[in-house]
Amino acid sequence: MRFSIFLSFFLLASPLIAQKQPFSAAQVFGSEKTGLLKLLPTVRGWADDSHYLLVKNQKEYAVDVKTGQESDYQPKGDWKIYPPTSALTGEGGQNPTFSPDGKWLAFTRESKDLYLKNLTDNQEKRLTSDGSETVYNGYAAWLYWEEVLGRSTQHKAFWWSPDSKYLAFMRFDEAKVPVFPIAGAVGQHGYLESQRYPKSGDPNPLVKMGIVEVATGQTVWADFAPNDDHYFGTPFWTPDSKSLWMQWKNRGQDNLKLFAIDPASGRKTELVSESQKTWVDWLTNVHFLSDGKHFIRMSDESGWMHLYLHTMDGKLKNPVTSGNYTVTGISEIDAKNGLVYFTARKENSARIDLYKVKLDGKGLQRLTFGDFSHQVQVSPGGSYFITTYSNLQTPPKMALLDKTGKLIRELGDAKGADFDKLAVARTELVRVPTADGFQLPVTIKYPTNFDPGKRYPVLISIYGGPNAGSVYDRWAYLPASQWYAQEGLLQVAIDHRASGHFGKTGQNFMHRNLGKWELEDYGTVVKWLIDKGLVDPSKVAITGGSYGGYVTALALTRGADVFTHGIANFGVMDWQLYDTEYTERFMDTPAENPKGYQESSVLTYADRLKGTLRIVHGTMDDNVHMQNSIQLVDKLETLGKHFEFMVYPGARHGFGTKGKHAQAETARFIYRYLLEKPFPTEVWE
């Protein structure tokens with residue numbers, strides 16, 4: 001029904017669309033203005049519960065929510081002006097971080113040891129002295145930076161207590177972690193980097209948590225066996241600085257524990273323990289209530305991500321939310337009135353809304369409105385919020401609302417003056433059924449001169465990993481996509497059952513068999529598109545990078561009966577070649593799951609390749625080593641298979657400085673194999 005209605009829309013609307021103005025190459029790829037969109041106001045958060053912060057002409061203003069009056073904003077507090085942090089740390093200083101009271105600066109030097117500088121007398125204190133080529137204090141080992149603490153930390157692995165009296169840090173020992181060689185080709189003789197990188201089943205870095213008392217410089221160690229094979233996650237200081245809460249996971253990653261550590265002694269007390277049959281993800285935050293007696297934890301143990309209220313000793317008081325939907329985060333907690341403001345994918349898994357609920361789980365209320373996806377900023381007391389909202393057909397708008405969801409005023413509209421004059425490619429979100437009951441979300445971007453009686457070449461862009469969906473009902477204008485729509489390419493994004501739309505219940509399908517359900521679900525959607533008369537089955541292309549590169553290569557081999565063309569960018573071709581923490585979370589170790597590793601490897605299905613596959617990799621990729629693509633290339637050559645291979649010399653996990661070249665080469669691929677048109681060289685130069 002949905003599809004027939006949509007075809008009717010196009011039959012009626014096509015003459016109108018044809019009258020609209022197409023985008024020129026200069027507008028899409030150059031600097032020529034289109035009038036399609038305009039900037040929204042820049043709101044940087046809240047000054048207090050009734051004034052939001054607006055940035056105009058590089059100046060910050062506090063805006064009264066009731067009157068709209070703007071006044072100059074000056075942050076409160078005793079601010080001091082210091083020289084650049086590089087001058088404070090000296091040569092080799094990394095991640096300089098001021099203490100909350102502004103009296104100290106903590107930093108690491110040369111990735112090895114942790115230092116403090118007293119900003120009152122400018123005296124430097126070295127806190128650790130055993131740093132070496134394999135021991136790092138306060139500086140994360142690669143595995144922890146990539147998979148546990150996060151890239152945004154820039155390897156920072158130390159944390160100030162709120163009262164500035166303690167500094168917690170992780171100590172890493174990588175002596176037993178295997179070394180992977182990464183070759184650089186610059187110069188006459190080239191050079192070699194030696195990276196400590198644990199691949200599936202390898203020894204991990206040994207990690208300890210130290211807590212330094214700033215006044216004395218003395219370190220105590222959290223009470224864990226130093227040689228145990230486990231993981232520590234990001235820690236959280238309690239607001240009163242009396243306890244450091246540490247996350248612990250076993251090597252199998254199916255048990256997560258939260259411990260309270262006494263900073264004076266290192267003694268640990270278990271607060272929460274969560275086990276699942278598949279895996280347990282790290283906590284990204286612990287939300288402490290202002291009453292000092294409770295905290296809220298997020299967990300997907302029920303099969304969906306929800307909020308749980310605990311007392312400070314770890315005992316569960318009650319679930320705050322429940323049901324078959326995903327909570328995406330907490331925006332504000334009003335402990336005084338017993339309310340939690342949170343975001344969730346409840347009305348529609350492709351949209352995000354703001355809700356409030358009582359701490360006892362009663363009185364759930366949606367605060368946002370319409371068939372839109374919302375990005376919200378809630379005031380510190382929860383009295384107001386600002387939402388930036390859109391959907392696939394509607395450019396972003398910004399509005400101010402009160403705590404009941406009542407509109408106070410519209411703040412901006414990104415729709416430009418010439419929006420309605422331009423032939424913007426239409427994007428639709430549909431749900432495609434699987435044989436076992438899932439309704440897979442799919443976005444379809446139609447050619448601007450869509451003819452319902454014609455079949456089109458299709459390009460499917462994916463990532464594909466667990467809980468890493470890309471299908472949302474929100475505005476997303478990409479110039480290159482608009483261009484391809486004008487050239488007659490159908491463009492599709494698909495989220496499989498484990499993408500996040502179906503909670504942890506859907507993600508659990510991927511346990512011990514990465515690749516299986518992605519291809520199963522993607523294949524279902526492609527067949528649906530073909531059955532609806534939309535897609536030319538001889539031109540089914542797929543592309544992605546990293547995990548998406550893996551899925552692309554798997555699609556052209558294991559899924560060769562469905563997928564005909566693919567560009568696999570820097571993908572994992574065999575999960576034995578990727579790191580421990582990520583891979584084993586889903587697959588367990590190769591020794592524990594040999595069948596799963598074999599069935600998930602692209603190399604296993606290399607003999608099935610019959611379409612056109614382009615493999616792309618950076619020669620110095622230190623995340624997904626080029627070893628992955630080289631092993632696939634070797635296998636394909638041995639089998640006598642035709643394929644394309646492109647390398648980017650010196651590039652890490654991506655295209656390096658040659659993104660424009662990669663974009664042009666992707667375009668050449670699309671024009672040659674899918675559009676079957678001459679490549680417009682002048683457009684891409």
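This passage describes a helix, a surface patch and a few loop residues in a predicted model. Residues are numbered from 1 along each chain as its sequence is written, and side-chain values use heavy atoms, with hydrogens and water left out. Because the model is predicted, local features need pLDDT of at least 70 and side-chain atom pairs count only at pLDDT 80 or more, while totals for chains, interfaces and linings use all residues.

A good place to start is helix H11, which covers residues 627–638. Helices (H or I, at least four residues) and strands (E, at least two) are DSSP runs, numbered from the N terminus. The twelve residues of H11 reach 16 Å from the first C-alpha to the last, close to the 16 Å expected at 1.5 Å a residue; the expected span is 1.5 Å times one less than the number of residues. Asn628, Ser629, Leu632, Val633 and Leu636 are the buried residues of H11, where buried means under 20% relative accessible area, exposed over 50%, and partly exposed in between (1.4 Å probe, protein chains only). Seen down the helix axis, these buried residues fall within an arc of 130°, so they line one face of H11; the arc is that of the directions from the axis to the C-beta atoms. They pack against helix H8 (547–557) and strands E39 (612–618) and E40 (644–648), with contact taken as heavy atoms within 4.5 Å. On the other side of H11, Glu637 and Thr638 are exposed. Gly640, which follows the helix, has a positive phi near 75°.

Strand E40 also contains Val647, which is partly exposed at 36% relative accessibility. Together with Ile630 and Phe645, Val647 forms a nonpolar patch on the surface, with about 220 Å² of accessible area in total.

Turning to the loops, most residues other than glycine have a negative phi. Asp588, in the loop between helices H9 (580–587) and H10 (594–600), nevertheless has a positive phi of about 60°, and this residue is buried at 12% relative accessible area. Ser241 also has a positive phi, near 65°; this serine sits in the loop between strands E17 (236–237) and E18 (244–250) and is buried, at 3% relative accessibility.

Asp588 is among the residues touched by Arg512, along with Phe586, Met587, Glu592, Asn593 and Gly596, not counting residues up to four places away in sequence. Arg512 lies in the loop between helices H6 (503–507) and H7 (516–531) and is partly exposed at 30% relative accessible area. Arg512 and Phe586 are 74 residues apart in sequence, yet 5.8 Å apart in space, C-alpha to C-alpha.

Methods:
Patch = residues over 30% accessible without salt bridge, like charges linked within 9 Å, V, L, I, M, F, W, Y side chains within 5 Å. Areas by Shrake-Rupley, 256 points an atom, 1.4 Å probe, with all protein chains shown as cover. Salt bridge = Lys/Arg side-chain N within 4 Å of Asp/Glu carboxyl O.
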